[in-house]
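Work through the exercises below with the model open, and try each task before reading its solution.

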Amino acid sequence: MIKFAHPEYLYILLIIPVLLTVTVINTLRKRKILNTLIHTPLQDIVFGNKSFYKENIKNALIILAITFVILGFANPQLGTRVEEVKQVGIDVVICLDVSNSMLAEDLKPNRLELAKREIGDMMKRLQGDRIGLIVFAGDAYVQFPLTSDYSAANLFLNAVDVNSVPRPGTAVASAISLAVKSFDQHSKTQKVVVVITDGEDHEGNITEAISEAKDNNVVVYAIGMGSPQGAPIPVTDERGNNTGFKQDQDGQTVLTKLDEKTLMQIAGSANGKYYLSTPAGKELEAILKDLSSIEKSEYGTKRITDFEDKFYYFLLPAL
């Protein structure tokens, strides 16, 4: 199996046809000028050892050397052996609140964007663990299932916004219940749910959802986004420009306040912990430290091909 470590360099090969064309045109032009100035039978007498055949070989070798240099920089790699590697880790499902209250700017740039940034940082530091994402507002949906492909997961994470769930609300119970169902109950891996929300206006039976998590040995952590003092909810137009703040029926600005009591109840009842989100992301450090202490289990195998660099096969002939 062959692959290139830097396939972007292969685009430079597009100059090779250009060089060939220029070389051929230049050679034909020189021959035409020569034939115009000196009659063909006299050319050998005048120029002696001049050989267009040798000149063509020289030009071809130069172009071939350039081709080999480009291929060398692209670094061809040859797969020498394939082996199966055991995949070990834990399963983590993150439940992210995408309700309009997460647009409040008491955390910069806003609660939702900071939460997405923290999730992205978490994925960069996970090692072998599988991660899944559930987004929720009035309903809960799976944004992506459990996976160890962090690059693909990051693409789905970047697409999340307050329009990901059209129904308004904060259905924390539905999100936790869906997260528990997302785990493979036959797998021996440790299962963790991380709920990231402001906890305001929660819907559904929280007690029942927590009980379901405990029955399935799922640990629930909670991260509170925002401040107990509250912050206004920005209102934007179709272009995303801020047009003011959300108001109630009396024309008063609505403040969205962090419900820490509910989140502490959720985490405490499900053998987890509650953390208040901070701009520095210290709660992320604490959760990652806790996750690293959890015993990791095997959840599958992965076929890995060991590749060896072969760039010198091209650079040496080029020299």
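**Exercise 1.** Establish in what order the strands of the open sheet are arranged, and which of them are the edge strands.

*Solution.* In this predicted model, six strands make up an open sheet with mixed pairing, and following them across gives the order β5-β4-β3-β6-β7-β12. The edge strands are β5 (140-147) and β12 (274-276), each of which pairs on one side only. Direction ignored, neighbouring strands of the sheet are turned by 15° against each other on average.

**Exercise 2.** Determine in which sense β3 and β6 pair, and over how many bridges.

*Solution.* Strand β3 (residues 91-97) and strand β6 (residues 191-197) pair in the parallel sense, over six bridges. To place the register, take I94, whose bridge partner in β6 is V194.

**Exercise 3.** Identify the strands that helices α4 and α8 lie across.

*Solution.* Helix α4 (residues 111-125) lies across β3, β4 (130-136), β6 and β7 (218-224), and runs at about 170° to β3. Helix α8, in turn, lies across β6, β7 and β12, running at about 160° to β7.

**Exercise 4.** Describe how α7 and α8 cross, and which residues make the contact.

*Solution.* Begin with the axes: those of α7 (residues 206-215) and α8 (residues 260-269) come within 9 Å and cross at roughly 25°. Because angles under 35 degrees count as roughly parallel, α7 is roughly parallel to α8. The crossing of the two helices is right-handed. The contact is made by I206, T207, I210 and K214 of α7 together with Q265, I266 and S269 of α8; sorted by class, these are three nonpolar, three polar and one charged residues.

Key. Residues are numbered from 1 along each chain as its sequence is written. This is a predicted model: local features need pLDDT of at least 70, side-chain atom pairs count only at pLDDT 80 or more; totals for chains, interfaces and linings use all residues. Side-chain values use heavy atoms; hydrogens and water are left out. Axes are lines fitted to C-alpha atoms, for helices over the stretch in contact, and angles run from 0 to 180 degrees between N-to-C directions. Helices (H or I, at least four residues) and strands (E, at least two) are DSSP runs, numbered from the N terminus. Angles under 35 degrees count as roughly parallel, over 145 as roughly antiparallel, 65 to 115 as roughly perpendicular and the rest as oblique. A crossing is left-handed if the near helix is turned anticlockwise from the far one by less than a right angle, and right-handed if clockwise. Contact means heavy atoms within 4.5 Å. Ala, Val, Leu, Ile, Met, Phe, Trp, Tyr, Cys and Pro count as nonpolar, Asp, Glu, Lys and Arg as charged, and the others, Gly among them, as polar. Two strands pair if DSSP finds at least two bridges between them.
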